[in-house]
Amino acid sequence: MIGIFDLEKTTVSKTTREYLAAKQKNGEIVNVSMEIPKSFVVCSDRRKATKVYVSQISTATLLKRTKTERNNL
């Protein structure tokens with residue numbers, strides 16, 4: 001995982017909007033729900049290919065879940 005981002009706060013930036021538009025054009029965005037999106041998570045695999053997961057879950061909740069998962073390992 002590269003990062004977890006709040007959609008409302010980050011899409012005010014032209015750079016972020018252009019980044020997300022390019023990922024959409026390349027088919028590198030995955031919508032995990034059809035509900036109103038609140039966040040996006042950028043992930044990279046071993047080949048350095050990135051995917052963007054758009055989620056209805058808030059960044060605070062996603063961060064809590066990553067901490068919980070790390071503690072369970």
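Rings of Phe, Tyr and Trp (its six-membered ring) pair if their centres lie within 6.5 Å; planes under 30 degrees apart count as stacked, over 60 as edge-to-face and the rest as tilted. This is a predicted model, where local features need pLDDT of at least 70, side-chain atom pairs count only at pLDDT 80 or more, and totals for chains, interfaces and linings use all residues. Residues are numbered from 1 along each chain as its sequence is written, and side-chain values use heavy atoms, leaving out hydrogens and water.

**Exercise 1.** Find the aromatic pairing and work out how exposed its members are.

Solution. Start with the count: the ring rule gives one aromatic pair. Its members are F5 and F40, stacked at 5.1 Å centre to centre with 25° between the planes. Next, place them: F5 sits in strand β1 (residues 3-6) and F40 in strand β3, 35 residues apart, so the pair ties together distant parts of the chain. Strands here (E, at least two residues) and helices (H or I, at least four) are DSSP runs, numbered from the N terminus. For exposure, buried means under 20% relative accessible area, exposed over 50%, and partly exposed in between (1.4 Å probe, protein chains only). F5 counts as partly exposed because its relative accessibility is 29%. F40, at 3%, is therefore buried.

**Exercise 2.** Work out how the strands are ordered and joined.

Solution. Strands pair if DSSP finds at least two bridges between them. Applying that gives an open sheet of four strands, ordered β1-β3-β4-β2, with mixed pairing. β1 and β2 are the edge strands, each pairing on one side only. Now go pair by pair. β3 (residues 39-44) and β4 run antiparallel, joined by six bridges. β2 (residues 29-31) and β4 (residues 50-55) run parallel, with three bridges. Look at V54 in β4: F40 has V54 as its bridge partner, and N31 stands opposite V54 too. Finally, the β3 and β4 hairpin has five residues between the strands, and K48 there takes a positive phi near 70°.

**Exercise 3.** Place helix α2 against the sheet.

Solution. Helix α2 (residues 14-25) lies across β2, β3 and β4, and runs at about 105° to β4. Contact means heavy atoms within 4.5 Å. Axes are lines fitted to C-alpha atoms, for helices over the stretch in contact, with angles from 0 to 180 degrees between N-to-C directions.
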